[in-house]
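Trainee: I should like to take a close look at a single part of this structure. Could you describe the sheet, and then the contacts made around its strands?

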Amino acid sequence: ATPTPVSVIGLGPMGRSMVTILLTAGHRVTIWNRTPSRMTDLIGQGARAAADPRAAVQASPVIILSLTDYRAMDDILGPVADRLAGRTIVNLSSDNPDRTRDAARWATDHGAAFLTGGVMVPAPMLGTPAAYVYYSGPSVTFDQHRTLLGAIGEPRFLGSDPGLAQLMYQAQLDIFLSALSGLMHATALAGRGGISATAFIPEALQTLTGIGPMLSVGRDLGRQLEDHDHPGDLSTVTMMGATAEHILQTSRSAGIQTALPAAVLAHYRTAIDDGHGDDNWTRIIDGIRRGDV
Ligand code: NDP
């Protein structure tokens, strides 16, 4: 690949890792960070420090942002908006989809091409075969920079709507954060009954990794959900709802927080109240889609 001059603004754990990867891939990397001390060791690795955001923008045709949120982008790029024309901004920071759409409009109004991205792995995994990143924005811009971005992680392009990358990112994090809360709740529940965390966690990790294969064996879950097809031949809303009830009861008697199991049980109760007790557990999506509390 031809080395591309690239600027990286934002040197948290993610931005720092990206800089190292891009330098290793042979690119000319210019960096800027609000807290200058975070640039020092990267300069030692061969990165060029920009004196200010204006210099960082002017140094490269491609500017990667790795910031806490999109407000940070406004703070940094707002004052240098007149320097953005003809450049590509790749914002790999998190925010909500509407916010990313507004930012894309703003950048485009200033003559820049804008890609939004959602990085799906933590910093130590960037640049490894396990790394992948969702992108959305103009497909021409994505194609132009696919190789450069590929060094960070496998690029997965979702479409031209700039909000898509963050929507996909957030939907995946919805699963992730719910699972993490479930994991901590379960660890607390088991702990009250004398099962230590060291005994519990390996079992819990087997459950977590087993969910994917369990949900895909002999079934195409996505197709079934799209077709509103909820066959109850292997498990039913009534059976799963009873289990959810038992978890709530056990949590209550253990004296631990009950908000999470109560919310889960509510999904099943709604489907039962709707008359779908004999359907597959996937039927709970109806109440969720309806916006039931
Ligand atoms: P951090 O939030 O730790 O830091 C990001 C950078 O944002 C820092 O360089 C910080 O500067 C800068 N910053 C924040 N606010 C401002 C501001 N108002 N003006 C100027 N600079 C600002 O980020 P991470 O590296 O952990 O993450 C970057 C992005 O990647 C986030 O959006 C995160 O959600 C996402 N992400 C993170 C993952 C992770 O495992 N960490 C995994 C996947 C995605 P300063 O150094 O001066 O504070």
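Mentor: Let us begin with A113, which is found in strand β6. The model is a predicted one. With a relative accessible area of 21%, A113 is partly exposed, because the buried class is kept for values under 20%. A113 also has a neighbour in space that is remote in sequence: P138 is 25 residues away along the chain, yet the C-alpha atoms of the two residues are 7.7 Å apart.

The residue that follows in the strand is F114, and here the setting is a buried one, since F114 has a relative accessible area of 2%. The structure holds 4 aromatic pairs. In one of them, the ring centres of Y70 and F114 are 6.4 Å apart and the ring planes stand at 65°, so the pair is edge-to-face. Because Y70 belongs to helix α4 (residues 70-77) and F114 to strand β6 (residues 113-119), this pair ties together parts that are 44 residues apart in sequence. Y70 counts as buried, at 0% relative accessibility.

Strand β6 must next be placed in its sheet. The sheet is open and is formed by 8 strands, in the order β3-β2-β1-β4-β5-β6-β7-β8, with mixed pairing. The edges are taken by β3 (48-49) and β8; each has a single partner strand, so one side of each is left without a neighbour in the sheet. In general, strands of a sheet pair through backbone hydrogen bonds, in either the parallel or the antiparallel sense.

Beside β6 in this order comes β5, followed by β4 and β1. Strand β1 (residues 6-9) and strand β4 (residues 62-65) run parallel and are joined by 4 bridges; within this pairing, V8 stands opposite I64 of β4. Strands β4 and β5 likewise pair in the parallel sense over 4 bridges, and I89 in β5 is the bridge partner of I63.

Strand β5 (residues 88-91) deserves attention for its side chains. T88 and V90 point one way, I89 and N91 point the other way, and all are buried. This arrangement can be set beside a general rule: in a regular strand, side chains alternate between the two faces of the sheet.

At the edge strand β8, a further aromatic contact can be described. The ring centres of F142 and F157 lie 4.7 Å apart with their planes at 20°, so this pair is stacked. F142 is part of helix α6 (residues 139-150) and F157 is part of strand β8 (residues 154-157), so the pair ties together parts that are 15 residues apart in sequence. The two partners fall into separate accessibility classes: F142 counts as buried at 1% relative accessibility, whereas F157 is partly exposed, with a relative accessible area of 30%. Ring pairs link Y135, F142 and F157 into a cluster.

A contact of another kind involves R156, whose charged end sits over the ring of Y132, 4.0 Å from the ring centre.

Finally, a word on the surface. L205, L208, I211, M214 and L215 make a nonpolar surface patch of about 430 Å². Among them, L205 lies in helix α8 (residues 197-216) and counts as partly exposed, at 43% relative accessibility.

Definitions and conventions:
Residues numbered from 1 in each chain as written. Predicted model: local features only at pLDDT ≥ 70, side-chain atom pairs only at ≥ 80, totals over all residues. Heavy atoms only, no water. Patch = residues over 30% accessible without salt bridge, like charges linked within 9 Å, V, L, I, M, F, W, Y side chains within 5 Å. Areas by Shrake-Rupley, 256 points an atom, 1.4 Å probe, with all protein chains shown as cover. Salt bridge = Lys/Arg side-chain N within 4 Å of Asp/Glu carboxyl O. Helix = DSSP H or I, 4+ residues; strand = E, 2+ residues; numbered from the N terminus. Buried < 20%, exposed > 50% of the residue type's maximum accessible area, 1.4 Å probe, protein only. Phe/Tyr/Trp six-rings, centres within 6.5 Å; stacked < 30°, edge-to-face > 60°. Lys NZ or Arg CZ within 6 Å of the ring centre and 35° of its normal. Pairing = 2+ DSSP bridges.
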